[in-house]
Each structure stands twice: as structure tokens, then as C-alpha cells.
Amino acid sequence: MEIQNKNVFVTGSTRGIGAAIALAFVKAGANVVINGRSAEAPASFSALQVIARKSKVAYVGGDISSNADAKRMVADATEVLGAPIDVLVNNAGITRDGMALRMSDDDFNAVLQTNLTGAFNMIQSVLKPMTKAREGAIINIASVSGLIGNPGQANYSAAKAGLIGLTKSIAHEYASRNIRVNAVAPGFIETDMTADLSEKIKETVNGQIPLGRFGKPDEVASVVLFLAQQEYLTGQTIAIDGGLTMY
Ligand code: NAD
């Protein structure tokens, strides 16, 4: 898919990996919708408007874990951009880590509701116009936790493994409409989500990563951009993890 002038919605793009994905699409000439839970755009939004120049950038606030919010956000984005969404990036995600025995219902359900149901809500909201256009790309940001599990992340691993299954089913269902659906599974990436890990844990983790370091948000963004452009790839999960899951 030629990305220039296409309409791209990136959930959870006020910071971290989502912000890097939004920037990559803006640089490629797409019209990009930034999203976060707050009603207000983040401070970084005006800088993105300057970079965009010829294309449009818009901020649409709302909570993906609510189906009503997801539908309203896609409708608002379509109105602001003047045309339907061509590329959906389901990036928004949360963690509420803890060992399974002590994990509360609330912590388990909140992570499933945002990371898995939230992605489904957004997919359902964009599918109709995509099927009509007979073209579309959906990229779901999963995690290596969904591939190999991670102690203390029963909720998160279950949600991300579910997201990989969701990716494959939607890919099957809508391939005939030329809608491609893929997942990206990042390893440890330098963002707010991993900022609280102690130096000791970071050192241990780096020892397990063949490339010996955490990844950067823009390294994940480049894979997402590639998946949006590549027209013969669907139903796949690409791990970008410094080799962590190669064995
Ligand atoms: P982050 O915490 O820095 O940013 C998360 C973003 O999601 C924020 O913009 C936040 O406002 C938004 N968000 C959260 N819940 C939302 C909701 N209900 N509705 C709308 N927006 C919501 O996280 P990050 O590290 O940039 O992670 C981005 C994605 O990548 C997540 O899905 C995460 O699970 C995944 N991931 C991250 C890592 C990592 O090491 N950082 C590794 C693997 C996967």
C-alpha cells in the first residue's frame, strides 16, 4: 500500500512506541490520528503538526476498552480527515503485573479489556469502511510475552497471545477483501512501560537478549510501517526483540 495521503489511526500514541509509530507515518506522508485516553492532545502534538506540513494530523481522545468510545473515535477521525481509516494500528496497552496467586480480578480483567477487547473494539469499528474500500491494513502490537509467557504477567501474556489469535482470525476472515492483518511482538523496548525496571533486572534481561540491549520505539515503528506497505503479508506475527525469542 502506498502510504502517502492514506489515513492512519494509531491508538495509544501520546507517548512511547505509539508516538514513534505516529511519527513514522507522518514522515511517510500519511494523515495520522493520535489517540490517548485524555480529552486533551499531548504537548508533543503541535511539534507533530509542524512536521506534517502537507498531510493532516488530528487528536481524538477516548478509551479503546469501551466499544462505544471506539466507534465514536473512528467516526470522529473519519469526519476530521474527510475519509475513512485505511490503516489501523492497535498499539494502546497497559500492564498490571503480579504473581497469579495474588492477582486481583480487577488487574486481570483490566489488562484483558484494554489490550485484547480494546483492539477488537477498534477493529470492529474500522472493518465496514475497509471492506467497502476493498483495501486496508491492521497492525496489532502484541508482545514477546504473548509468544513465550513471562512470570508476573499472566494477564498481559494471555491478552497478547489472544491478540495474536485475533490477528490470524481477522486475517482469514477479510483476506478476500484485501484487508491485511498482522501483529508485531516487541521484546523489551525503552519506554515508560519499562522505565521502572531496576538496573539489576535490566542487566539480567540484557544478558538474555542476543543483541544485548533494549530496543528503541522507532525500531518497532519501522516494522509497523513496513507491514502497512507490504501487500503480500497477512496473518503473521513479527518479533522485534533483539533475538530474544529466536530459540
Ligand atoms: P506506554 O505506557 O509508554 O504508552 C501506552 C499508550 O497507550 C499511552 O499513550 C496511553 O495513553 C495509551 N493507552 C493506554 N490505555 C488506553 C486506553 N484504554 N485507550 C486509549 N489509549 C490508552 O507503553 P509502550 O511501552 O509505548 O507500549 C505500547 C504498546 O507496545 C503496548 O501495547 C505494549 O503492551 C506494547 N509493548 C511494549 C513493550 C515495551 O517494552 N515497552 C514490549 C512489548 C510490547
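This note sets out numbered points on the fold, selected residues and one ring pair of the model.

1. Basis of the model. The structure is a predicted model, in which local features need pLDDT of at least 70 and side-chain atom pairs count only at pLDDT 80 or more, while totals for chains, interfaces and linings use all residues. Residues are numbered from 1 along each chain as its sequence is written, and side-chain values use heavy atoms, with hydrogens and water left out.

2. Overall fold. The chain contains nine helices and seven strands; these are DSSP runs numbered from the N terminus, helices being H or I of at least four residues and strands E of at least two. The C-alpha trace spans about 50 × 35 × 35 Å along its principal axes. The radius of gyration is 17 Å, which agrees with the value near 18 Å for a compact globule of 247 residues. That radius is taken over C-alpha atoms, and the globule rule is 2.2 Å times the number of residues to the power 0.38.

3. Burial and contacts. Of the 247 residues, 49% count as buried. Buried here means under 20% relative accessible area, exposed means over 50%, and partly exposed lies in between (1.4 Å probe, protein chains only). Among contacts with a separation of 6 or more, 73% come from residues 24 or more positions apart; a contact means heavy atoms within 4.5 Å.

4. Surface and charge. The chain exposes about 11,900 Å², of which carbon and sulfur atoms supply 52%; the areas come from the Shrake-Rupley method with a 1.4 Å probe, and for residues only the protein chains shown count as cover. There are 22 positive and 22 negative side chains, and the centres of the two sets lie 6 Å apart. Lys and Arg count as positive and Asp and Glu as negative, without His or the chain ends. Each charge is placed at NZ of Lys, CZ of Arg, CG of Asp or CD of Glu.

5. I138. This residue belongs to strand β5, residues 136–141, and is buried, with a relative accessible area of 0%. Leaving aside neighbours within four places in sequence, I138 is in contact with L88, N90, I123, V126, L127, M130, I179, R180, V181 and N182. I138 and V8 are 130 residues apart in sequence, and their C-alpha atoms are 9.7 Å apart in space.

6. M130. Helix α4, residues 105–133, holds M130, which counts as buried at 0% relative accessibility. Beyond its neighbours within four places in sequence, M130 has contacts that include I85, V87, L88, G136, I138 and I179. The C-alpha atoms of M130 and I85 are 7.4 Å apart, with the two positions 45 residues apart in sequence numbering.

7. N90. Strand β4, residues 87–90, includes N90, and N90 counts as buried at 3% relative accessibility. Outside its neighbours within four places in sequence, N90 is in contact with T11, A119, M122, I123, I138, I139, N140 and I141. N90 and T194 are 104 residues apart along the chain, and their C-alpha atoms are separated by 19 Å.

8. Aromatic pair. The count comes to one aromatic pair. F188 and F214 form this pair, which is tilted, at 5.4 Å centre to centre and 45 degrees between the planes. The pair links distant parts of the chain, 26 residues apart: F188 is in the loop between β6 (179–186) and α7 (192–195), and F214 is in the loop between α8 (199–208) and α9 (217–229). Rings of Phe, Tyr and Trp (its six-membered ring) pair if their centres lie within 6.5 Å; planes under 30 degrees apart count as stacked, over 60 as edge-to-face and the rest as tilted. F188 is partly exposed, with a relative accessible area of 21%, whereas F214 is buried at 6%.

9. Positive phi values. Most residues other than glycine have a negative phi. N5 has a positive phi near 70 degrees; N5 lies in the segment before β1 (7–10) and is exposed, with a relative accessible area of 55%. R53 has a positive phi near 45 degrees. R53 is found in the loop between α2 (45–52) and β3 (57–59) and is exposed, with a relative accessible area of 75%.

10. A68. Helix α3, residues 67–81, contains A68, which counts as exposed at 59% relative accessibility. A68 and N121 are 53 residues apart in sequence and 8.5 Å apart in space, C-alpha to C-alpha.
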